Amino acid sequence: MTGARRPEAPTGGWLAGAAAAMVLTFDVDGESPLLAEDARYAENAMLMSHQAFGPEVGVSRILRLLAEYEVPATFFVPGATAERHPRTVEAILAAGHEIGHHSYHHRPYVEMSEAEEREDFERALETLARLGAHVTGHRTPLSSASLRTSGLVASHGLSYESTLMDDDRPYMLDTGNGDIVELPPSWALDDWLQYVNLPIGESYRVKSPAEVVAGWRLELDALRAEGGLVVLTLHPFATGRASRLRALAGLIEYALDAGDVAVLSAAEVARRARADESLPRRSLDRLDPRPDPAVYPS
Ligand code: ZN
């Protein structure tokens with residue numbers, strides 16, 4: 001522990017005495033985000049190969065790394081990607097890891113009608129169930145949750161989602177259709193902004209893995225001082241590259257060596273959070289500001 005003074009360690013609750021919890025989540029997007037943006041990308045062999053690296057190569061390396069350190073992880077897989085790469089889904093399940101719902105098409109929910117969003121959501125659930133996954137959690141694709149999304153998660157009997165960004169600890173969300181646990185991710189802990197370059201107008205500076213993981217260590221240490229939840233959002237086509245996985249291994253070692261960080265699956269954090277009656281409860285209504293059309297004309 002460096003720098004910040006730690007508050008009193010929780011004696012129970014969702015952290016069960018740890019200073020922080022870390023969840024390794026992998027969004028196995030594959031080709032879906034690009035095909036959802038423009039189906040003509042299917043004719044671009046370079047783009048398709050870039051995305052296929054994730055399910056075809058990255059995931060198996062990630063599974064090897066998780067086995068080496070004996071840590072769990074959660075893999076959010078779009079239905080369309082699961083159908084295109086069923087052996088990848090099989091390998092994740094065979095290794096004992098969690099599969100989560102990540103839409104069917106990987107299109108932004110905010111651009112869909114209510115009927116379209118429901119159809120996409122249910123098609124993804126059916127697809128993952130057919131491939132043998134017992135799904136209890138959801139992450140919205142492209143961070144594009146509508147005001148309906150959390151209610152869909154609850155009404156389909158899922159336990160949690162990992163999408164909204166208004167905390168860095170779990171909380172209970174009253175969706176109007178039932179309660180779910182929210183496990184907030186954050187951009188600072190997402191590899192897309194750090195590593196991904198696509199020659200279709202979405203270009204970032206590709207950073208050194210050493211630089212990226214140094215930032216994630218800072219996040220981890222700061223959240224250890226806050227009793228926080230470290231949700232790493234990683235994409236196998238990006239983090240599955242060799243040097244980046246080596247850097248991730250260093251972060252996992254750092255967390256394990258700290259001795260006060262619980263490395264858990266998202267489902268396990270949600271299970272603990274649901275049992276913790278001291279967790280904050282929030283309602284989805286608060287995210288609907290109902291803007292005054294005189295102030296914000298549409
Ligand atoms: Zn995604």
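The questions below concern a zinc site, two loops and a surface patch in a predicted model. Local features need pLDDT of at least 70 and side-chain atom pairs count only at pLDDT 80 or more, while totals for chains, interfaces and linings use all residues. Residues are numbered from 1 along each chain as its sequence is written, and side-chain values use heavy atoms, with hydrogens and water left out.

Q: Which residues coordinate the zinc ion?
A: Donors are N, O and S atoms within 2.8 Å of the metal (3.2 Å for Na, K and Ca), and because water is not among the atoms, sites may look incomplete. The donor residues follow the spacing D-x72-H-x3-H in sequence. At 2.1 to 2.6 Å, the coordinating residues are Asp29, listed twice through OD, and, each through NE2, His102 and His106.

Q: Why is the site of the zinc ion classed as irregular?
A: Four donors count as tetrahedral if all angles lie between 85 and 135 degrees, four count as square planar and six as octahedral if opposite donors are over 155 degrees apart and all others between 65 and 115, and anything else is irregular. Ideal angles for four tetrahedral donors are 109.5 degrees. The site of the zinc ion is irregular, since the angles among its four donor atoms are 54 to 142°.

Q: Is His106 buried or exposed?
A: His106 is placed in the loop between β3 (98-101) and α5 (114-130), where helices (H or I, at least four residues) and strands (E, at least two) are DSSP runs numbered from the N terminus. His106 has a positive phi of about 65° although it is not a glycine. Buried means under 20% relative accessible area, exposed over 50%, and partly exposed in between (1.4 Å probe, protein chains only). With a relative accessible area of 2%, His106 is therefore buried.

Q: Which zinc donor residue does Thr140 touch?
A: Thr140 lies in the loop between β4 (137-138) and α6 (149-155), and at 3% relative accessibility Thr140 counts as buried. Contact means heavy atoms within 4.5 Å. Not counting residues up to four places away in sequence, Thr140 touches Tyr109, Ala145, Thr149, Thr163 and the zinc donor residue His102.

Q: What is the phi of Leu142?
A: Leu142 is found in the loop between β4 and α6. Leu142 is partly exposed, with a relative accessible area of 48%. Although Leu142 is not a glycine, its phi is positive, at about 60°.
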